[in-house]
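Colleague: I'd like a close look at one loop in this model, and then at what sits around it. Take your time and walk me through it in plain terms.

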Amino acid sequence: QVQLVESGGGSVQPGDSLRLSCAASGRTFSMYALEWFRQAPGKERDFVAGLRWSADLPYYADSVKGRFAISGDIAKNMVYLQMNSLKPEDTAVYSCASRSSSSPPRYDYWGQGTQVTVSS
């Protein structure tokens, strides 16, 4: 089992920055990748960014490329999502998830989510 806990959400104005954190515990050695997703009210959950855990290889959704940066600290079992130049459309609940190496991938473990609100 893997436990994931997000933190760092909040209410900010357009153009501001936030850094989200995802703390992993448990069988972290079994993780293939950690990914961030977001879900806005009334919308489907969307992929935001991911990090291949052992390879430290990031990948992003087109909607956040150039504005968001994902990074990890394997020693601390932490993944971070630095969000810059935030827009109102970035408002959502952000969750991290453990992705398996299978194809199609499985997402067996999720955090509880953290709210990000971008509003003037």
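Modeller: Let's start with proline 104, which sits in the loop between β9 and β10, the latter being residues 107–110. Keep in mind that this is a predicted model. The thing to look at is the bond leading into that proline: from serine 103 to proline 104 the peptide is cis, with omega near 0°. As a rule, most peptide bonds are trans, and most residues other than glycine have a negative phi.

How far can you trust this bit? The mean pLDDT of the protein is 94, and 100% of its residues reach 70 or more. Within that, β10, on one side of our loop, has the lowest mean of the elements, at 93, while strand β11 (residues 114–118) has the highest, at 98.

Now step back from the loop into β9, which spans residues 92–99 and contains cysteine 96. What does cysteine 96 pair with? Its partner is cysteine 22, and the two sulfur atoms are 2.0 Å apart in a disulfide. Cysteine 22 belongs to strand β3 (residues 18–26), so the link ties together parts that are 74 residues apart in sequence. The structure holds one disulfide, and the one formed by cysteine 22 and cysteine 96 is right-handed, with 65° about the S-S bond. Cysteine 22 is buried, and so is cysteine 96.

While we're in β3, have a glance at serine 21, which lies in that strand. Serine 21 is buried too, at a relative accessible area of 12%. Setting aside neighbours within four places in sequence, serine 21 is in contact with Val5, Glu6, Ser7, Trp36, Met78, Val79 and Tyr80. That last one, tyrosine 80, turns up again: arginine 19 lies over the face of its ring, 4.2 Å from the ring centre.

Back to the other side of the loop, and β10. Tyrosine 107 is in this strand, and phenylalanine 37 is in strand β4 (residues 33–39). The structure holds five aromatic pairs, and one of them joins phenylalanine 37 to tyrosine 107 edge-to-face, at 5.3 Å centre to centre and 90° between the planes. Because those two residues sit in β10 and β4, the pair ties together parts that are 70 residues apart in sequence. Buried or exposed? Phenylalanine 37 is buried, with 10% relative accessible area, whereas tyrosine 107 is partly exposed at 27%.

A second pair is built from phenylalanine 47 and tyrosine 59: the ring centres are 5.7 Å apart and the planes are at 15°, so this one counts as stacked. Phenylalanine 47 comes from strand β5 (residues 46–52) and tyrosine 59 from strand β6 (residues 57–60), so here the parts tied together are 12 residues apart in sequence. Phenylalanine 47 is partly exposed at 28%, and tyrosine 59 is partly exposed at 23%. Put these rings together and you get one aromatic cluster of Phe37, Phe47, Tyr59, Tyr107 and Trp110. Tryptophan 110 has a charged visitor as well: arginine 45 lies over the face of its ring, 3.8 Å from the centre.

If you like backbone oddities such as the cis bond, there are a couple of other spots to check. Asparagine 77 has a positive phi of about 55° although it isn't a glycine, and its place is the loop between β7 (68–73) and β8 (78–83). Serine 85 has a positive phi of about 50°, again without being a glycine. You'll find serine 85 in the loop between β8 and β9, and at 42% relative accessibility it counts as partly exposed.

Finally, the wider frame around the loop. The protein has zero helices and 11 strands. Its C-alpha atoms fill a box of roughly 40 × 30 × 25 Å along the principal axes. For 120 residues, a compact globule would have a radius of gyration near 14 Å, and the protein's 14 Å agrees with that. Of the 120 residues, 40% count as buried. Among contacts with a separation of 6 or more, 52% come from residues 24 or more positions apart. The disulfide between cysteine 22 and cysteine 96 and the edge-to-face pair of phenylalanine 37 and tyrosine 107 are good places to start looking, on either side of the loop with proline 104.

Key:
Residues are numbered from 1 along each chain as its sequence is written. This is a predicted model: local features need pLDDT of at least 70, side-chain atom pairs count only at pLDDT 80 or more; totals for chains, interfaces and linings use all residues. Side-chain values use heavy atoms; hydrogens and water are left out. A disulfide is a pair of cysteine sulfur atoms within 2.5 Å. Helices (H or I, at least four residues) and strands (E, at least two) are DSSP runs, numbered from the N terminus. Buried means under 20% relative accessible area, exposed over 50%, partly exposed in between (1.4 Å probe, protein chains only). Rings of Phe, Tyr and Trp (its six-membered ring) pair if their centres lie within 6.5 Å; planes under 30 degrees apart count as stacked, over 60 as edge-to-face and the rest as tilted. A charge sits over a ring if NZ of Lys or CZ of Arg is within 6 Å of the ring centre and within 35 degrees of the ring normal. Contact means heavy atoms within 4.5 Å. pLDDT is the predictor's confidence in each residue, from 0 to 100. The radius of gyration is taken over C-alpha atoms; the globule rule is 2.2 Å times the number of residues to the power 0.38.
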